[in-house]
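Notebook open, viewer loaded. I'm jotting down what I look up as I go.

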Amino acid sequence: MSEQNEFVRSVAEKKYEFGFTTDVQTEIIEKGLNEDVIRTISAKKGEPEWLLEFRLEAYRYWLTQKQPTWGHLKLPEIDYQAISYYADPTAKSADGEKKELDPELVKTFDKLGIPLEERLALSGMAVDAVMDSVSVKTTFKEKLAEKNIIFCSISEAVREYPDLVKQYLGSVVPYRDNYFAALNSAVFSDGSFVYIPKETRCPMELSTYFRINAINTGQFERTLIVCEEGSYVSYLEGCTAPMRDENQLHAAIVEIVVMDNAEVKYSTVQNWYPGDENGNGGVLNLVTKRGHLRGVNSKLSWTQVETGSAITWKYPSCILSGDNSQAEFYSVAVTNNHQVADTGTKMIHIGKNTRSTIISKGISAGKSENSYRGLVKVGSKADGARNYSSCDSLLLGSECGAHTFPYMDIHNNTATVEHEATTSKINEDQLLYCNQRGISTEEAVGLIVNGYAKEVINKLPMEFAVEAQKLLSVSLEGTVG
Amino acid sequence: MLEIKNLHATVNGKEILKGIDLTINDGEIHAIMGTNGAGKSTLSNVIVGNPVYEVTDGSITFNGKNLLEMKTEERAHAGIFMSFQTPIEIPGVSMTNFMRAAVNARREALGLEPLKSTEFLKIMREKRKLVEIDQKLMNRSVNEGFSGGEKKRNEIFQMAMLEPSFCILDETDSGLDVDALRIVAEGFNKLRKPDTSAMVITHYQRLLDYIKPDVVHVLIGGKIVKTGGPDLALKIENEGFDWIKAEIGE
């Protein structure tokens, strides 16, 4: 590698703090995708027949579909045969015994700020740590079990609570939903399962931390959250990946079911490796997240801070079936260098007096493209439905792009739908004012951007909010001046 | 000491300053008066380093340092402060956070540890009282929803926090009623140390009733055309600039 490349890399590495790799014995199945591979994955996880059938049906459907092209992004040609669909860093040793947790894995999560030992954990937060295709460890399981709350990896849930999984898996996002949902349904590996019983308030934040480590593998996260009547949970999701020159595929599905009077808060700080400043490498983040507000007076809010990934294709959505149900979507999406984000939400109003709020803040820098895409649909029976959408874009520099694609589909004339959109550039006067007070341009951009995103950041749980603020500043280093 | 020699500056290719010579010694207050468009604001913007203005000739040194080679924030760290004619709003950034960033940036440049939160808040409280600024404003976003008077008072508050050695008051009196003007000016006087120097840009004598200048300059057509004592400002208040224009043959 030439000296200059070395330098560029060191700069890029400095900016992406989590670009290291972990040297751990990992069992990786051969690259390629076919029915045998799916059978292998299913067998490794010891799955029941119905789940294998579910996977195979999804796979067969996927084969008939084409990659979608409607996004404001150019997805690179993905060679699905060049990816390995299962990588297990906790693989059994030769004698078949499940070995102790590799200290390297513990160290890795420590480095990421996610202690796997409960005594070191942040107070009031339980973690499911997923590396590549496998859940490495879930903390506070026993403590939560005292309240009959189930928090475990989806693989474990399939083994321990097959009826619950069977009842809800694919009920919010069917495999026919879209191309990547079909792919995920065929090959999904690990993710979290959360079940909050009736009238139970989850006493701690639940979180899943996703880490991609192995090379040339895809991560196919599958998360399922079920909140019974009158229950409450706040769930957090974080993610990082090493820096690699090749794209890494992350195609996830998150399904949430919310019953009468229940409430779910789902927060994401997405910091997948975004690729280098020339647009090489980075995670392709192709995600289907959806919540079904089945019950009356149910509530769901999605809060996301998106700073990573080479390409983000993600629309956390809500189906508001229950009368008086309320849904919120708060989003900050930052793109820099050659990153592309096409993100937003869908709010489908079916029940009466349902309410939804959409607050989207896009921040684009470098040569990046940042799009908001949102659908507000009000069905014919959704009397009194209300939506308020506000989509703001902030441009740093002149080579980036910001786009807004709001769609409305209203079939009930008692509905109230409001949409506001603004686009602004970072203001030279604000920078001068900060500079004159002794604040460097870089720090000033961090302050101004955090101020701009405050409305969304404030929705995050405290620890996440601090993390997100730092992340916003770091992602935009060197973009102005 | 601030020393300006033969300063020429342009904005968008148009020359505004056409050879300014000005020396302000430590502890001195200089008033700059002049007609609209004479170059008063250009002069202050060039001193603080607003990148919109281009210096085409001449020099500015501050305590022996070449100011023109320094970034805007480095000039601030060296002790230069400007009270803006139109203070800028920064949505979502609280005054407290903004001030903490500014104070600690300066401390870092001077090789000092950042202030602890409790210490910082204590200093905020003390300085706030000096300029009679409401605590409520400190939790609001920078200048957002502030009245005209509050914005100007907020400028002097920031000056109190940053303890500069050279201050530019750029039309601090504009948009202020008499009471607000008095509070702002008295705040400035209280904060001022014996060796603090200042450049006071104004159209009117009334600010100079409170902040007494040692030297008064008249800026017309991008040049300092007349310099005198405090009585010069009084004369301008009564007679305007026409007699000076006549003197210089304009």
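**Entry 1: strands of chain A.** I started with a residue pair: Ser331(A) stands opposite Ser360(A) in E18(A). Note to self before going further: this is a predicted model. I then looked up the strands behind that pair. Strand E16 of chain A, residues 326–335, pairs with E18(A) in the parallel sense, over 10 bridges. E18(A) also pairs with strand E20 of chain A (residues 386–395), again parallel and over 10 bridges. For that second pairing I noted Gly362(A), which stands opposite Ser393(A) in E20(A). How much of E18(A) is buried? I get 7 of the 10 residues in 355–364, so I'm calling the strand mostly covered.

**Entry 2: a helix in chain A.** Next I clicked on H8(A), residues 179–187. Here 8 of the 9 residues are buried, so the helix is largely enclosed by the rest of the structure. The buried ones I wrote down are Phe180(A), Ala181(A), Ala182(A), Leu183(A), Asn184(A), Ser185(A), Ala186(A) and Val187(A). What covers them? My list includes two helices of chain A, H2 (35–44) and H3 (49–63). It also includes strands E8 (222–227), E10 (247–258) and E12 (282–293) of chain A.

**Entry 3: chain B overall.** I switched to chain B and counted 10 helices and 12 strands. The radius of gyration is 18 Å, close to the 18 Å that the globule rule gives for 250 residues, so chain B is as compact as a globular protein of that length. Its C-alpha atoms fill a box of roughly 60 × 40 × 35 Å along the principal axes. Of the 250 residues, 42% count as buried. I also checked contacts in chain B with a separation of 6 or more: 71% of them come from residues 24 or more positions apart.

**Entry 4: a sheet in chain B.** I traced an open sheet of 4 strands, in the order E2-E1-E4-E5 (chain B), with antiparallel pairing. Which strands stand at the edges? They are E2 (14–24) and E5 (65–66) of chain B; each has a single partner strand, so one side of each is left without a neighbour in the sheet. E5(B) is joined to E4(B), residues 53–62, by 2 bridges, and the two run antiparallel. I looked up one residue there: Thr61(B) has Asn66(B) in E5(B) as its bridge partner.

**Entry 5: two helices in chain B.** I put axes on H6(B) and H7(B), the latter being residues 178–191. They pack at an angle of about 5°, with the axes 10 Å apart. Angles under 35 degrees count as roughly parallel, and H6(B) and H7(B) are therefore roughly parallel to each other. From H6(B) the contact uses Gly149(B), Lys152(B), Arg153(B), Ile156(B), Met159(B) and Ala160(B). From H7(B) it uses Ala180(B), Ile183(B), Val184(B), Gly187(B), Phe188(B) and Leu191(B). I sorted the residues of this contact into 8 nonpolar, 2 polar and 2 charged.

**Entry 6: where the chains touch.** Last stop, the contact between the chains: 21 residues come from chain B and 16 residues from chain A. On the chain B side, the elements giving two or more residues are H2 (72–77), E7 (90–94), H3 (95–109) and H6 (148–162). Which of them gives the most? H3(B) does, with 5 residues. I split the chain B side into 13 nonpolar, 6 polar and 2 charged residues.

Conventions
Residues numbered from 1 in each chain as written. Chains lettered and ligands numbered in written order. Predicted model: local features only at pLDDT ≥ 70, side-chain atom pairs only at ≥ 80, totals over all residues. Contact = placed C-beta atoms within 7 Å. Nonpolar A, V, L, I, M, F, W, Y, C, P; charged D, E, K, R; others polar. Buried ≥ 20, exposed ≤ 12 C-beta atoms within 10 Å, placed from the backbone. Axes fitted to C-alpha atoms, helices over the stretch in contact; angles between N-to-C directions. Parallel < 35°, antiparallel > 145°, perpendicular 65-115°, else oblique. Rg over C-alpha atoms; globule rule 2.2 N^0.38 Å. Pairing = 2+ DSSP bridges.
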